Amino acid sequence: MTTPHPLTGPAVLTELWQQRWPHCPPVAHELRHPYRDVWVRFHSLPKSKRYPENESEYAVVLKRYNTVLDELFAGGDVYVIIPVRAAEAEVPSSGSDGGYWQTLPVNDDPDPEFRSYWHLFATRRSWRHGCLDEQLRDVADDKVAGVLVTDTQMRRLHHPYDGGADVFLTSSEERDRMRDRHADWLSSHPLGF
(Lines give C-alpha, C1' and ligand atoms only; values in the text may rest on other atoms or scores of the structure.)
Protein backbone atom coordinates (compact mmCIF):
# COMPACT_ATOMS: atom_id res chain seq x y z
CA MET A 1 0.00 0.00 0.00
CA THR A 2 1.28 3.46 -0.83
CA THR A 3 1.82 6.03 1.88
CA PRO A 4 -0.99 8.57 1.84
CA HIS A 5 -0.19 12.25 1.38
CA PRO A 6 -1.37 14.77 3.94
CA LEU A 7 -5.02 15.58 3.38
CA THR A 8 -6.01 18.91 1.92
CA GLY A 9 -8.12 20.72 4.50
CA PRO A 10 -11.81 19.84 4.79
CA ALA A 11 -12.85 23.37 3.76
CA VAL A 12 -10.87 23.06 0.51
CA LEU A 13 -12.44 19.66 -0.24
CA THR A 14 -15.91 21.07 0.41
CA GLU A 15 -15.24 24.06 -1.85
CA LEU A 16 -13.96 21.81 -4.64
CA TRP A 17 -17.00 19.56 -4.31
CA GLN A 18 -19.45 22.48 -4.38
CA GLN A 19 -17.77 23.98 -7.44
CA ARG A 20 -17.88 20.77 -9.47
CA TRP A 21 -20.88 18.83 -8.11
CA PRO A 22 -23.21 21.50 -6.65
CA HIS A 23 -26.46 19.60 -7.21
CA CYS A 24 -25.66 16.70 -4.89
CA PRO A 25 -23.81 16.07 -1.64
CA PRO A 26 -20.86 13.63 -1.82
CA VAL A 27 -23.14 10.62 -1.47
CA ALA A 28 -22.12 8.18 -4.20
CA HIS A 29 -25.46 6.51 -4.91
CA GLU A 30 -27.26 9.86 -5.32
CA LEU A 31 -24.96 11.30 -8.00
CA ARG A 32 -26.30 9.57 -11.10
CA HIS A 33 -29.65 11.37 -11.07
CA PRO A 34 -28.47 15.02 -11.20
CA TYR A 35 -25.41 14.13 -13.31
CA ARG A 36 -26.91 11.65 -15.75
CA ASP A 37 -25.41 13.51 -18.72
CA VAL A 38 -21.83 12.65 -17.62
CA TRP A 39 -22.54 9.26 -15.98
CA VAL A 40 -21.81 5.76 -17.22
CA ARG A 41 -22.11 2.46 -15.35
CA PHE A 42 -19.85 -0.51 -15.94
CA HIS A 43 -20.56 -3.98 -14.64
CA SER A 44 -17.78 -5.90 -12.90
CA LEU A 45 -18.41 -9.33 -14.35
CA PRO A 46 -19.64 -10.75 -17.66
CA LYS A 47 -23.40 -11.07 -18.09
CA SER A 48 -23.86 -8.55 -15.26
CA LYS A 49 -23.13 -11.14 -12.59
CA ARG A 50 -23.11 -9.27 -9.30
CA TYR A 51 -20.69 -11.11 -6.97
CA PRO A 52 -17.42 -12.93 -7.70
CA GLU A 53 -17.31 -16.51 -6.47
CA ASN A 54 -13.68 -17.49 -7.07
CA GLU A 55 -10.24 -15.99 -7.60
CA SER A 56 -10.55 -15.91 -11.39
CA GLU A 57 -13.73 -13.82 -11.05
CA TYR A 58 -12.03 -11.53 -8.51
CA ALA A 59 -9.26 -11.07 -11.09
CA VAL A 60 -11.85 -9.93 -13.67
CA VAL A 61 -13.47 -7.55 -11.17
CA LEU A 62 -10.14 -5.99 -10.17
CA LYS A 63 -9.00 -5.75 -13.80
CA ARG A 64 -12.14 -3.86 -14.77
CA TYR A 65 -11.99 -1.51 -11.78
CA ASN A 66 -8.27 -0.82 -12.31
CA THR A 67 -8.58 -0.38 -16.09
CA VAL A 68 -11.09 2.44 -15.65
CA LEU A 69 -9.25 3.93 -12.67
CA ASP A 70 -6.02 3.97 -14.72
CA GLU A 71 -7.78 5.75 -17.58
CA LEU A 72 -9.11 8.35 -15.16
CA PHE A 73 -6.17 8.92 -12.82
CA ALA A 74 -2.87 7.47 -14.13
CA GLY A 75 0.08 9.68 -13.26
CA GLY A 76 -1.78 11.77 -10.71
CA ASP A 77 -2.98 11.89 -7.15
CA VAL A 78 -6.47 10.92 -6.04
CA TYR A 79 -8.71 11.37 -3.05
CA VAL A 80 -10.22 8.15 -1.75
CA ILE A 81 -13.40 9.05 0.14
CA ILE A 82 -14.85 6.41 2.44
CA PRO A 83 -18.10 6.95 4.34
CA VAL A 84 -18.69 5.46 7.76
CA ARG A 85 -22.36 5.14 8.68
CA ALA A 86 -23.29 5.73 12.32
CA ALA A 87 -26.34 6.38 14.47
CA GLU A 88 -24.50 9.21 16.23
CA ALA A 89 -23.49 12.64 14.95
CA GLU A 90 -20.24 12.30 16.90
CA VAL A 91 -17.41 11.49 14.51
CA PRO A 92 -16.09 7.95 15.02
CA SER A 93 -12.47 7.02 14.52
CA SER A 94 -12.27 5.91 10.90
CA GLY A 95 -10.18 2.81 11.45
CA SER A 96 -8.22 3.86 8.34
CA ASP A 97 -5.51 6.30 7.38
CA GLY A 98 -8.10 8.80 6.13
CA GLY A 99 -8.67 12.23 7.60
CA TYR A 100 -12.12 13.40 8.60
CA TRP A 101 -13.84 15.50 5.94
CA GLN A 102 -17.49 16.05 6.89
CA THR A 103 -20.68 14.54 8.31
CA LEU A 104 -23.93 14.27 6.36
CA PRO A 105 -27.31 13.20 7.67
CA VAL A 106 -28.60 10.00 6.06
CA ASN A 107 -31.94 10.03 7.79
CA ASP A 108 -32.73 13.39 9.38
CA ASP A 109 -35.73 12.07 11.33
CA PRO A 110 -37.13 14.33 14.08
CA ASP A 111 -36.91 11.34 16.42
CA PRO A 112 -33.23 10.99 17.44
CA GLU A 113 -33.67 7.22 17.69
CA PHE A 114 -34.11 7.01 13.91
CA ARG A 115 -31.41 9.44 12.79
CA SER A 116 -28.26 8.25 11.09
CA TYR A 117 -25.20 9.92 9.59
CA TRP A 118 -22.48 9.44 6.99
CA HIS A 119 -19.09 10.49 8.34
CA LEU A 120 -16.79 11.01 5.34
CA PHE A 121 -13.07 10.29 5.59
CA ALA A 122 -10.69 11.19 2.77
CA THR A 123 -7.12 10.20 1.96
CA ARG A 124 -4.93 11.71 -0.73
CA ARG A 125 -2.60 9.23 -2.42
CA SER A 126 -0.63 8.76 -5.61
CA TRP A 127 -2.61 6.62 -8.02
CA ARG A 128 -0.97 3.46 -9.24
CA HIS A 129 -2.57 0.37 -10.73
CA GLY A 130 -3.70 -2.00 -7.98
CA CYS A 131 -3.12 0.36 -5.04
CA LEU A 132 -6.76 0.01 -3.92
CA ASP A 133 -7.21 -3.71 -4.60
CA GLU A 134 -7.83 -4.57 -0.95
CA GLN A 135 -10.57 -1.92 -0.65
CA LEU A 136 -12.00 -2.85 -4.07
CA ARG A 137 -12.31 -6.50 -3.00
CA ASP A 138 -14.21 -5.33 0.09
CA VAL A 139 -16.49 -3.26 -2.16
CA ALA A 140 -17.05 -6.25 -4.47
CA ASP A 141 -18.02 -8.34 -1.42
CA ASP A 142 -20.38 -5.58 -0.17
CA LYS A 143 -18.31 -5.11 3.00
CA VAL A 144 -17.80 -1.41 2.19
CA ALA A 145 -20.20 0.88 0.35
CA GLY A 146 -20.29 4.47 -0.86
CA VAL A 147 -16.60 4.78 -1.76
CA LEU A 148 -15.62 7.57 -4.15
CA VAL A 149 -12.27 8.00 -5.91
CA THR A 150 -11.60 11.38 -7.51
CA ASP A 151 -8.76 13.41 -8.91
CA THR A 152 -7.52 16.23 -6.69
CA GLN A 153 -9.63 18.79 -8.56
CA MET A 154 -12.73 16.55 -8.25
CA ARG A 155 -13.35 16.69 -12.02
CA ARG A 156 -13.88 12.95 -12.42
CA LEU A 157 -15.43 10.48 -10.00
CA HIS A 158 -15.29 6.71 -9.76
CA HIS A 159 -17.80 5.01 -7.46
CA PRO A 160 -17.15 1.28 -7.20
CA TYR A 161 -20.04 -0.75 -5.86
CA ASP A 162 -20.78 -4.45 -5.48
CA GLY A 163 -21.46 -5.37 -9.09
CA GLY A 164 -19.78 -2.53 -10.94
CA ALA A 165 -18.79 1.11 -10.96
CA ASP A 166 -20.50 4.41 -11.66
CA VAL A 167 -18.17 6.82 -13.43
CA PHE A 168 -18.73 10.58 -13.76
CA LEU A 169 -16.71 12.48 -16.34
CA THR A 170 -16.14 16.08 -17.37
CA SER A 171 -18.49 16.05 -20.37
CA SER A 172 -20.97 13.83 -22.19
CA GLU A 173 -18.41 13.49 -25.00
CA GLU A 174 -15.77 12.15 -22.62
CA ARG A 175 -18.40 9.85 -21.10
CA ASP A 176 -19.33 8.54 -24.55
CA ARG A 177 -15.71 7.81 -25.46
CA MET A 178 -15.17 5.84 -22.24
CA ARG A 179 -18.51 4.05 -22.65
CA ASP A 180 -17.58 3.04 -26.19
CA ARG A 181 -14.13 1.75 -25.15
CA HIS A 182 -15.77 -0.64 -22.67
CA ALA A 183 -19.07 -1.35 -24.41
CA ASP A 184 -18.94 -5.03 -23.45
CA TRP A 185 -19.03 -4.03 -19.75
CA LEU A 186 -22.32 -2.13 -20.06
CA SER A 187 -25.69 -3.25 -18.81
CA SER A 188 -28.35 -4.33 -21.29
CA HIS A 189 -30.85 -2.22 -19.32
CA PRO A 190 -32.13 0.63 -21.55
CA LEU A 191 -31.31 3.26 -18.89
CA GLY A 192 -27.83 1.86 -18.25
CA PHE A 193 -28.46 0.41 -14.80
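Let's start at an exposed spot: Asp 180 counts as exposed, because its relative accessibility of 52% is over 50%. The model you are looking at is a predicted one. Asp 180 pairs with Arg 179 in a salt bridge, where the closest N and O atoms are 3.4 Å apart. Arg 179 itself is partly exposed, at a relative accessible area of 28%. The two do not stand alone: Arg 175, Asp 176, Arg 179 and Asp 180 are joined into one network by salt bridges that share partners.

From here, let's turn to the interior. The largest nonpolar core holds 25 residues, and Tyr 65 and Val 167 are those with the most contacts inside it. Several elements each supply at least two residues of this core: strands S1 (39-43), S2 (77-86) and S7 (164-168), together with helices H2 (55-73) and H3 (133-140). Helix H2 gives the largest share, seven residues. A second, separate core has 22 residues, among them Leu 16, Ile 81, Leu 120 and Phe 168.

Helix H2 deserves a visit of its own. Its 19 residues reach 26 Å from the first C-alpha to the last, close to the 27 Å expected at 1.5 Å a residue. The buried residues of H2 include Tyr 58, Val 61, Leu 62, Tyr 65, Val 68 and Leu 69, and also Glu 57, Arg 64 and Asn 66. If you pause at Tyr 65, you will find that this residue touches Ser 44, Leu 136, Val 139, Ala 140, His 158, Pro 160, Tyr 161, Gly 164 and Ala 165, leaving aside residues up to four places away in sequence. Just after H2 comes Gly 75, with a positive phi of about 85°.

Now for the charged pairs, since the model has twelve salt bridges. One of them joins Asp 162 and Arg 50, with 3.3 Å between the closest N and O atoms. Asp 162 sits in the loop between strand S6 (157-161) and S7, while Arg 50 sits in the loop between S1 and H2, so this pair ties together parts that are 112 residues apart in sequence. Asp 162 is buried, with a relative accessible area of 10%, whereas Arg 50 is partly exposed at 41%.

Another salt bridge brings us back to H2: the side chains of Glu 55 and Arg 137 meet at 3.0 Å, N to O. This pair links distant parts of the chain, with Glu 55 in helix H2 and Arg 137 in helix H3, 82 residues apart. Glu 55 counts as exposed at 52% relative accessibility, and Arg 137 is partly exposed at 27%.

Notes: Residues numbered from 1 in each chain as written. Predicted model: local features only at pLDDT ≥ 70, side-chain atom pairs only at ≥ 80, totals over all residues. Heavy atoms only, no water. Core = buried A, V, L, I, M, F, W, Y, C linked by side-chain atoms within 4.5 Å. Buried < 20%, exposed > 50% of the residue type's maximum accessible area, 1.4 Å probe, protein only. Helix = DSSP H or I, 4+ residues; strand = E, 2+ residues; numbered from the N terminus. Contact = heavy atoms within 4.5 Å. Expected span 1.5 Å × (residues − 1). Salt bridge = Lys/Arg side-chain N within 4 Å of Asp/Glu carboxyl O.
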